[in-house]
Amino acid sequence: MLTLVNLLKDGRFHSGQDLGAALGISRSAVWKQLQHLEAELGLSIHKVRGRGYQLAAPLLLLDSQAISSATPGWPVAVLQSVDSTNAEALRAVARGESAPFLVLAERQISGRGRRGRKWVSPFAENLYYSLVLRIDGGMRQLEGLSLVVGLAVLQALRNFGVSAAGLKWPNDVLVGDKKIAGILLELVGDPADVCHVVLGIGVNVNMQKADEVDQQWTSIRLESSVSIDRNALVMELSKQLSSYIQRHQMEGFSSLQVEWEANHLWQGRSVSLIAGSNHIDGVVLGIDCQGALRLMVDGMEKIFSGGELSLRLRDDS
Ligand code: ATP
């Protein structure tokens with residue numbers, strides 16, 4: 001099926017006969033595969049009598065060679081379809097692949113959010129990006145790491161024209177109230193000894209329609225009105241990640257605390273912090289030097305950290 005996508009990706013007309021010859025199948029088998037493509041990948045294909053088949057718009061797919069040459073030191077795997085790039089990255093760690101390395105995919109069938117939530121991941125529209133790092137005996141190298149990834153994503157988005165993007169503690173990137181990127185860190189091994197951390201990043205790039213997303217969202221395309229070359233975005237994101245991770249490793253999270261707070265969209269807002277079935281109401285003061293949330297609760301400053309916490313705005317915010 002993906003060979004057929006590659007034949008059609010130029011957006012030109014291709015006759016059923018030519019497609020059949022290239023694939024070594026009959027014209028009716030081509031027709032079935034085309035229907036399958038539309039249903040499975042959500043691609044829209046025009047059929048014109050006498051001319052053949054044409055994608056509604058040309059597809060610019062991820063180019064592993066171009067990406068590899070621009071990300072020296074990080075071997076890159078580009079998959080057409082995967083359950084989740086984080087899951088694939090974790091499997092690669094289990095197989096003994098040596099980090100750092102990068103896993104990208106054109107689509108995810110079971111893209112992951114936090115606590116088992118789903119990340120909607122249509123074919124060839126967005127970035128599904130997982131970078132694996134090896135951490136040697138340094139809990140400090142994990143401190144605030146998901147916030148550091150947020151800064152790198154934010155900078156990449158700004159450099160692609162999304163100037164209004166900002167952060168929401170701990171791991172969301174928003175434009176106003178709309179989510180444009182999500183970050184999910186997953187860890188294997190012993191953080192006190194040797195472990196691997198997967199920095200999973202989903203960025204909405206050219207997506208213009210996604211009925212399955214059950215909260216407000218946006219994409220770079222919707223914000224900037226231009227179609228984005230995802231290969232260029234991968235390279236920019238890798239550049240930003242490399243530089244922020246290096247700074248984090250050398251100087252610790254505290255060196256990024258002020259920059260993070262300056263980009264926090266919910267500074268000073270009235271929020272509810274959700275921890276399982278508990279809700280704590282407070283006002284966001286900022287973060288501490290380890291990336292934990294500082295909330296004013298009943299006139300007292302309190303500190304919260306941990307992967308299971310979510311913030312929601314209160315009506316009076
Ligand atoms: P939290 O504040 O806990 O991070 P969240 O709802 O943002 O809450 P995440 O785990 O960060 O949770 O992200 C998963 C959620 O993001 C999904 O439940 C869905 O509401 C939303 N979502 C899924 N796919 C997309 C997408 N492609 N773009 C924007 N939002 C999405």
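This passage walks through the annotated regions, salt bridges, ligand surroundings and backbone features of a predicted model.

Residues are numbered from 1 along each chain as its sequence is written, and side-chain values rest on heavy atoms, with hydrogens and water left out. Because the model is predicted, local features need pLDDT of at least 70 and side-chain atom pairs count only at pLDDT 80 or more, while totals for chains, interfaces and linings use all residues.

A good place to start is the annotation. An unreviewed UniProt entry lists residues 61-249 as "domain: BPL/LPL catalytic"; UniProt positions follow the numbering used here, feature names are shortened, and annotations may be inferred rather than shown by experiment. Over residues 61-249 the chain is 32% helix and 26% strand, and the C-alpha atoms at the two ends are 33 Å apart. Helices (H or I, at least four residues) and strands (E, at least two) are DSSP runs, numbered from the N terminus. The unreviewed entry also gives a "binding site" made up of Ser84, Thr85, Asn86, Gln108, Arg112, Gly113, Arg114 and Lys179. Of these listed residues, Gln108 sits in the loop between β4 and β5. With a relative accessibility of 10%, Gln108 counts as buried, where buried means under 20% relative accessible area, exposed over 50%, and partly exposed in between (1.4 Å probe, protein chains only).

The loop that holds Gln108 also takes part in a salt bridge, a contact defined by a side-chain nitrogen of Lys or Arg within 4 Å of a carboxyl oxygen of Asp or Glu. The whole structure contains 16 salt bridges. In one of them, the side chains of Glu106 and Arg230 meet at 2.9 Å, N to O. Glu106 belongs to the loop between β4 (101-105) and β5 (127-136) and Arg230 to helix α9 (residues 230-251), so this pair ties together parts that are 124 residues apart in sequence. Glu106 and Arg230 are both buried.

Helix α9 also carries Arg247, which forms a salt bridge with Glu259, with 3.8 Å between the closest N and O atoms. Since Glu259 lies in helix α10 (residues 257-262) and Arg247 in helix α9, the pair ties together parts that are 12 residues apart in sequence. Arg247 is partly exposed, at 31% relative accessible area, and Glu259 is partly exposed as well, at 23%. Elsewhere, salt bridges that share partners join Asp83, Glu88, Arg91, Arg95 and Glu97 into one network. Within this network, the closest N and O atoms of Arg91 and Asp83 are 3.0 Å apart. Arg91 is partly exposed at 35% relative accessibility, and Asp83 is partly exposed at 30%.

The ligand comes next. Of the 19 residues around the ligand, Arg114, Lys168, Lys179, Asp214 and Ser310 come nearest; a residue is counted here if one of its heavy atoms lies within 4 Å of the ligand. This shell divides into 5 nonpolar, 5 polar and 9 charged residues, with Ala, Val, Leu, Ile, Met, Phe, Trp, Tyr, Cys and Pro taken as nonpolar, Asp, Glu, Lys and Arg as charged, and the others, Gly among them, as polar. A polar backbone atom of Arg114 is 2.6 Å from an oxygen atom of the ligand. For Arg117, a polar side-chain atom lies 2.9 Å from a ligand oxygen, and an N or O atom in the side chain of Asp172 is 3.2 Å from an oxygen atom of the ligand. The protein covers 94% of the 620 Å² of accessible area that the ligand has on its own, with areas taken from the Shrake-Rupley method with a 1.4 Å probe.

Finally, the backbone has some features worth pointing out. Most residues other than glycine have a negative phi, and most peptide bonds are trans. A cis peptide bond, with omega about 5°, joins Ala99 and Pro100, and Pro100 is placed in the loop between α5 (85-94) and β4. Another cis bond runs from Trp169 to Pro170, with omega near 0°; Pro170 lies in the loop between β6 (165-168) and β7 (172-175). Ser225 has a positive phi near 65° and belongs to the loop between α8 (220-224) and α9. Ser225 is exposed, with a relative accessible area of 63%. Asp298 has a positive phi near 50°, lies in the loop between β12 (293-297) and β13 (300-304), and is exposed at 77%.

Definitions and conventions
Polar contact = N/O pair within 3.5 Å; in protein donor to acceptor, adjacent residues only side chain to side chain.
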